[in-house]
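Me: I am new to this structure and would be grateful for a close look at a single part of it. Please describe one strand, its partners and its surroundings in a connected account.

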Amino acid sequence: MAINFNKAEFVLSSVKAETFIRDGKPQVTFAGRSNVGKSSVINRLLGRKNFARVGATPGKTSQINYFSIDGKIYFTDLPGYGYAKVSNVERERWDDLINSYFEADRSVCLLVQLLDSRHAPSADDLQMLEYLHYHRIPFVAALTKGDKLKKSEMAACKEEFEKICAPYGCRAVVLTSAENGLGCDELRALLEASMAGE
């Protein structure tokens, strides 16, 4: 399915299951730690500067944001997890929101799990990978901030993350950068292929 990623519009922010979109259109869901650069990657994929809000304070995006892409699919941006200063009540609310999202009757055809290329996955990251594996949610891993790596480090970094993610059923690992667009064409191609059921 060919998708014009430049044709995007914000649809709604959802804080409870009753307002989740369930119109049958495919959804590409983005998940990751609160400071992993998720909004920046979404903006780069769509060729927009400030489309998905980049939070000034990590952990403050506590709703699920839906964006319509080319009228054909949704990008669904989950709230970031793992921010230390979030209260237990807020953390429980996050858990409830995410669980209800994945348990709802919706058409998630692919999840993009964002991981910081410069660091080993955190305990929260590994818990998320286990969650995706357990619930059989198809996903690819996008390694963020690839521009911070030396060119000589890139292949080894990707290989290391492939080893880490493979046991959880990861379909592909892509090294990306919101700064210079590294890997974004590859990621768009993966999203289009998943829409076509490949």
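Reply: In this predicted model, strand β3 (residues 64-69) is joined to strand β4 (residues 73-77) by five bridges, and the two strands run antiparallel. Within this pairing, S68 of β3 is found opposite Y74 in β4. The two strands form a hairpin, with three residues lying between them. One residue of the turn, D70, has a positive phi of about 60 degrees.

Strand β3 also pairs with strand β1 (residues 8-14): six bridges join β1 to β3, again in an antiparallel arrangement. Here F10 stands opposite F67 of β3.

The surroundings of β3 may be considered next. Buried here denotes a relative accessible area under 20%. Six of the six residues of β3 meet this condition, so the strand is largely enclosed by the rest of the structure. The cover extends to both faces of the strand. On one side I64, Y66 and S68 are buried, and on the other side N65, F67 and I69 are buried as well. Two residues already named as standing opposite a partner thus return here: S68, which faces Y74 across the pairing with β4, belongs to one side of β3, while F67, which stands opposite F10, belongs to the other.

Taken together, β3 is joined by bridges to β1 and to β4, and both of its faces are covered.

Conventions: Residues numbered from 1 in each chain as written. Predicted model: local features only at pLDDT ≥ 70, side-chain atom pairs only at ≥ 80, totals over all residues. Heavy atoms only, no water. Buried < 20%, exposed > 50% of the residue type's maximum accessible area, 1.4 Å probe, protein only. Helix = DSSP H or I, 4+ residues; strand = E, 2+ residues; numbered from the N terminus. Pairing = 2+ DSSP bridges.
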